[in-house]
There are 4 protein chains.
Amino acid sequence: MINVAIIGASGYTGAELSRILSNHPHAKITAVTSRQHAGKKLHEVFPHLRDLISITCEIPVIETLCDQADIFFTAVPHKTAMEIVPEILSAGKKVIDLSADFRLRDVAVYEQWYQKHSAPQYLSQAVYGLPELYREAIKTTSLVANPGCYPTSIILALAPLLENGAIIPESIIADSKSGASGAGRSAAVGTLFCEVSDGFRPYKVGNHRHTPEIEQEVSVMAGQATSLSFTPHLLPISRGILSTVYATLSEGITDEMVTAMYKDKYGSEQFVRILDNTSLPATQFVRGSNYCDIGFHIDRRTNRITVMSAIDNIVKGAAGQAVQNMNILTGLNEEEGLTGTPFFP
Amino acid sequence: MINVAIIGASGYTGAELSRILSNHPHAKITAVTSRQHAGKKLHEVFPHLRDLISITCEIPVIETLCDQADIFFTAVPHKTAMEIVPEILSAGKKVIDLSADFRLRDVAVYEQWYQKHSAPQYLSQAVYGLPELYREAIKTTSLVANPGCYPTSIILALAPLLENGAIIPESIIADSKSGASGAGRSAAVGTLFCEVSDGFRPYKVGNHRHTPEIEQEVSVMAGQATSLSFTPHLLPISRGILSTVYATLSEGITDEMVTAMYKDKYGSEQFVRILDNTSLPATQFVRGSNYCDIGFHIDRRTNRITVMSAIDNIVKGAAGQAVQNMNILTGLNEEEGLTGTPFFP
Amino acid sequence: MINVAIIGASGYTGAELSRILSNHPHAKITAVTSRQHAGKKLHEVFPHLRDLISITCEIPVIETLCDQADIFFTAVPHKTAMEIVPEILSAGKKVIDLSADFRLRDVAVYEQWYQKHSAPQYLSQAVYGLPELYREAIKTTSLVANPGCYPTSIILALAPLLENGAIIPESIIADSKSGASGAGRSAAVGTLFCEVSDGFRPYKVGNHRHTPEIEQEVSVMAGQATSLSFTPHLLPISRGILSTVYATLSEGITDEMVTAMYKDKYGSEQFVRILDNTSLPATQFVRGSNYCDIGFHIDRRTNRITVMSAIDNIVKGAAGQAVQNMNILTGLNEEEGLTGTPFFP
Amino acid sequence: MINVAIIGASGYTGAELSRILSNHPHAKITAVTSRQHAGKKLHEVFPHLRDLISITCEIPVIETLCDQADIFFTAVPHKTAMEIVPEILSAGKKVIDLSADFRLRDVAVYEQWYQKHSAPQYLSQAVYGLPELYREAIKTTSLVANPGCYPTSIILALAPLLENGAIIPESIIADSKSGASGAGRSAAVGTLFCEVSDGFRPYKVGNHRHTPEIEQEVSVMAGQATSLSFTPHLLPISRGILSTVYATLSEGITDEMVTAMYKDKYGSEQFVRILDNTSLPATQFVRGSNYCDIGFHIDRRTNRITVMSAIDNIVKGAAGQAVQNMNILTGLNEEEGLTGTPFFP
C-alpha cells in the first residue's frame, strides 16, 4: 500500500484526487491539507465524499506530513507549489505537482507569464507528466509536473501529426472550450451560476497562461520554435474540455497516412480512444473518466486537418492524469483506480 | 463469474447497467439486446462505453439468450416485460425486472393504473426489490421487481417513521423532483433540450403511475390502507431525484426519537447515508452513485416533519439498485461494482 | 416623463430595473448608484445594457439624488434600506423598496427574523406592494414595500382560496423552487456554477426569512393567525420560481367553486394567467415576463388541492412588480413597460 | 397597420416571430399556419404566448392567406419554402423567407448541397437579407432570403476586414458554437435534454449546409472565390451563437486601421455593437435581442486576428432579423418591435 498525501484538498482537483485515491486498490490517503478548512472532516467540505473517506483536513506542515506519506500530490496554486515542493523533495519523497510551477523548462518563459521563480534549480529534474509522451522519464523522476488541462487536450491531439511532420507548425490554431470547474472553487462573480449558465464566451484571448506550455511541447515535437493561436472559452458545463485544432497539412500527406499515425501513436494507449466514423469527440462521452477521445477531419478544399479532442478537465486534465502518473512512478498498472467510467448521461 | 444478459440495452438504464456490470469483478455481460440497434456494437449506440465493453446488440430471442446467461436484467417498458419474463423464469433463470410489471401485488390495482396483466400468476412470487426493506426475501426469489425511481426515494425517506408509528399516515405529502433521464431516451418534443433547460415544471399531477406503488409500500409499513399526495416535477438536470416529504408527527414523538429511528434502520446500510447537521441532501452529492442521502427537519410550530431524500435515479433508482439486488441474489457482497462514486462537481 | 433613481444598480434586480425602465415610455432613469462600481458606466458592469442605457454609477448621496428624481427604487440589502429610505421620504419623494425592511407590519416579528429596526415608525405607512391585493392602497402611499419573490408566488396562489374560506389554513404546505438569481450577485462558493449546475437541493429548511412575510399575508386573508410549512429549494436555472402549494379543502368546496374563485379574483388582472387544462405552470413560460401563471389540481382521495404558481423571480418577484407598482403610484397604465414577453425557449 | 402571416408557426422561429410581431406597434398577425397543430390556439402549442396573442393555427392554403396578409414570413423547412413562395409572390405579396431556398444565387451550388431546386427563376430576384450589407436592395425587393444563423454571425464578423482587404481570404477559419434551438423543435434523440446538457460537441464537421452560404458572401466581399474552414458545435444552451473567426492579416494592417474599419462599417448600425476593451462578446449578453456583439484581438506573434461575434440565433439569426427586414421593406424605423432587450441573467 502506497501512503499518499494531498496538499490542497479543498479545491475541485483535490476533491477528485480524494475520490479516486479513496477507491484505489493500492493507495491509502494518510493526510489531506486545507488551511481554510483545517479541523473539518473532508466530507463536511465535500458532502459527496461522506462514507468514501474519513479523514480530517490539516494545516500543511511539511515536516510532519513527510512522516505520513511517500507520494505527495500538490494541488495548490502556482507560487504556493514552488514554496513547498523543494522541502518535500529534500525529505526524499516524490511529488506530483498539479500547479504550473514546474511545467516550463525555461525559467525566463515562466517568469514572463507568471512571476519570479523561487526554485528554478528544480526545473531541469521535473518531468512533464504526459504519460503518452514521457512515460519512460516519469518512471524514474521524483518530480512530475502534471500538465495543464488545455495543454493535455491540445498536445495529445497534435502529437502524431507533429512527430511525423504531417502539418505545418506555424499554421496551428487551437480553439478550446472548457467547463467551469477549470476556474476552481474560489468565490468569484465571474463564475457564479447566473453568469455562466445558458451562456458562452471567450476569455483571456491571446494571453492565457497555458499558451507557453502548449508552445513548449509543440516546439519539441515540431523540432522548431513554434507560436500558435490559442483561444479559451467558458462552457456552461462543470466538467470537460473540447479542443478543435486546425492545421495545414504538409504536402503529400494522405488520409490513410494520418489514420496510421494516430493508430501507431495511440493504438496501445489505455486512455486515448481514436474514434472511427461512427462518432465525434464530445465532452459528455468522457465525463468522469481518464479518457482523451480524438477524431479528425481532412478537408481537401482548404488542405486543412481539423482535429478534435475531448477530455474531462478534472480527470485526464488534472487528478486522473496525476494518479496515472503515480501508477507509473510506483510501478503499478497504469489504469489502477481509473477504470469504470465515463458516465453518460 | 456470473453470466448476465441485459434485455433492452439501448435506454439510459440499459446503458448504466452495461457500464456498472462491465466493471463488476464477478459479472460478465454475455448478451445485450436492442431491436432498434441490432447488429451494432453497443459503443456505437453509446460512445462513452467504447473500450469498456465490446459487445454487439442482438434481437432478443429468449431461448437463445437462456443458453448465454443465468441472470437477466429486463430493462424494457412495462407490458413488454410481462411478455418475456415468464419464458425466462420457465427456463430456470433469475430475473431482475426494471419495469413496473411485477411491482404491484394486487393485479386489480395494476390494471387500473396500467393495462391488462398477462402474467398475473407471477405477482405473488415477485419480491419488491428494495434491499433495505426486503433483503431476506430477495435472497431466495427468482423474480425481483426492481422499484421505481420516485418510490425508492420516498419509501426510504419514510420507512423509519412509518415502521415506528411516528407519523400520521394520511398526512403524507411527497413533492418530488426528477432529472430528465427518468423520461427515457425516446425522441419526444417534451424532453428536448430547449423544452427542459433553464426551466422547471410539474407534470402528471395527481395521476403519475408511481402513486400506487408508493401507496402499496406505505400502506404495508403503516399497517393500514393509505392514500397520499404525490407531485412529480421535471428538473433541468440529467440525473437525480430529490423528494421533499411532509408528514404530521404522532403525539409524543421527540427529535431524539426520530434520530434514533433513522440510525436504527439505516445505521448499518451501505447505501443510505443519514446526514447530520453539516449538510442537506442534494442530487449533486449522490450523482453517479448508489447512495440515498436522507436528512430531516422537525418544525414544532406546525408539528410537521420534513424529510428530504436524494438519489441518482439511474443508479439507486434503477441500474445500481438492480445490481445491488443481483449481488444479494447471488450471495456476493452487496456493494460489489457499486463503489467509488459519487461524482462532484 | 417620470424621473427615477435606482439605488443599488449592480445586483441582478438593479440590472433588471435598469433594463425595464430604459425601455419604459414614460420613465427616465436619471441616476443609478453603486458603491462598488462608482464611476463606471453601467454597461461596463452589465454588458448586455450597452446601447440601451448610457449612465454612470454614482456613490449614493441621498440629498443630491433627491434633486434628480421623484421616484426611488431601493434595490439594496435589508438594513441598508432602512437607513436611507427615511431621508428620501423626508424629501417628499416616493420610494419603492425592494428590500425586506418595510414588508412586515409587526416590528417584533421583523426583529425576530432579521435584526433591530431603526425606522419602525415607517412600518405603518408602508403598503405591501402586491397590486392584486393592495392596488387601492398603493395608489396613495409614498412607501411601497415590494414583496419578496417566494411570497409573491405563494400568496397569489392562495389568495382566492383563503379569501373564500375554501381551505383549512393550518394545512398549508408550500414547497418552492427558485432559480439562482434569487441569491444575488455576490461572490460566494455556494452559488458558483459548479455547485448549482446539474443539481438540486433544499436550503434554509424551516428558517427562511420569507416565512413570516408569507404568514403575515396568509393570516390576513385567513382571518386568523396562521403558521405554515415553507421549504425553499435551489434550481439550476437563472430565473424562475415555481411553488407547489398543498392544502386541505374545507367541507363542501367543489371543483367548480374553486374555478370560479380564481376567475373572480384574477379574471381582469393583467399579470395573472389562470391556466386551463391545456397546460401546467412552468418557469420557462413566464421567463422574462411579469406574469404569474397559476394552475391547480384537486384530489378527492385525499381531499387536498395542489396549487402551482410560476413567476420570473427577477420580474414579477422583484423588478417587474416594482415597475407595476410605480405605474400604479403614478397613475399610468399598469402594464406600461412590462409587455412583449415572456421568452421561450 | 401591416397585416402579416406566419407560415410555419409551430417551430421555435415561428414562435419568436409571433412573440415579436404580437408586440410590434405597426404590425398585426392575421394568420398563422401549422399543419400539425391546425385548429389549436397558438398558445396551446406555446403556453408562453397566452394573452400575448389569440389566434388559431390554420392549414396553410396560400390562396386564402393572400386575402389576409400583405407580408408573409415563411418559417418552413427548405424544399417546402420553394414550393409555396412562388404562389405568394404571384399574388403580389412580399415574402421574407427564413429557409435556405433562396439564399444561394447559384442554383448549381444549391443543388450540390441541398436538392433539386424547383423555382430557380426566383433566385435572381431574391435579396440576401443581411441589412448591414444589403439594406438598399432589401427596400425594393419582394423576396428577402433571410440569412442563416451561423452565416449572420460569421459574415458580420468579417465584413469590415474583407471589404478593406485587411485579411488573406484563404486563411479564414470559423469555429462556431450554437445553442440547441438551432436544431428546431422536432423530436429527435440527438437533441434530447440528456444528450445535450452538461456536454459539448462538434457536428457535421466539414459538411454543414451553411458553408456555401458563408463562402458566397465572403467571396463577394473578398472579390475572389474563397473556400474556408467552418466547424459548428452544439452548446448546452437554448439561444445563442458565438463564432470565433481566425484570419491572417494582410501586410501593413495596423491595430488602429482595424478599429477604424469596424467603426466605419458599424458605427451607425442599430444592431451591431462593437465592444471596446471592457468586455468580450458573450451569448448571454445578447440573449433575446437583435444585437450582434463583435470584439477582436490581434496577435502580432502569429500575425493573426481573432474576431469574435455573438448573436441570439433565434433573433438576429432568424426571427428578429426577419422583422428588421420587414421594417426596411415597409419603410418603418428599422428598430420597431426590436428594442427593450437583451435579457441577463
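Here are two short exercises with worked solutions on a predicted model.

Residues are numbered from 1 along each chain as its sequence is written, and chains are lettered from A in the order in which they are written. Local features need pLDDT of at least 70, side-chain atom pairs count only at pLDDT 80 or more, and totals for chains, interfaces and linings use all residues.

**Exercise 1.** Work out which turn lays chain D on chain A.

*Solution.* Start with the superposition, done by least squares on the C-alpha atoms of residues with pLDDT of at least 70 in both copies. A turn of 180 degrees with a shift of 0.0 Å along the axis lays chain D on chain A, at an RMSD of 0.0 Å. That is the relation of a two-fold axis. Next, look at the contact residues (C-beta atoms, placed from the backbone, within 7 Å): 100% of those of chain D recur in chain A, so the same surface serves both copies.

**Exercise 2.** Describe how helices H7 (residues 149-163) and H9 (residues 210-222) of chain D pack.

*Solution.* Helices here are DSSP runs of H or I with at least four residues, numbered from the N terminus. Take the axes, lines fitted to C-alpha atoms over the stretch in contact, with angles from 0 to 180 degrees between N-to-C directions. The angle is about 15 degrees and the axes lie 10 Å apart. Angles under 35 degrees count as roughly parallel, and H7(D) and H9(D) are therefore roughly parallel to each other. Finally, find the residues in contact: Ile154(D) and Leu158(D) are among them on H7(D), and Ile214(D) and Val218(D) are among them on H9(D).

How values were computed:
Two residues are in contact if their C-beta atoms, placed from the backbone, lie within 7 Å. Helices (H or I, at least four residues) and strands (E, at least two) are DSSP runs, numbered from the N terminus. Angles under 35 degrees count as roughly parallel, over 145 as roughly antiparallel, 65 to 115 as roughly perpendicular and the rest as oblique.
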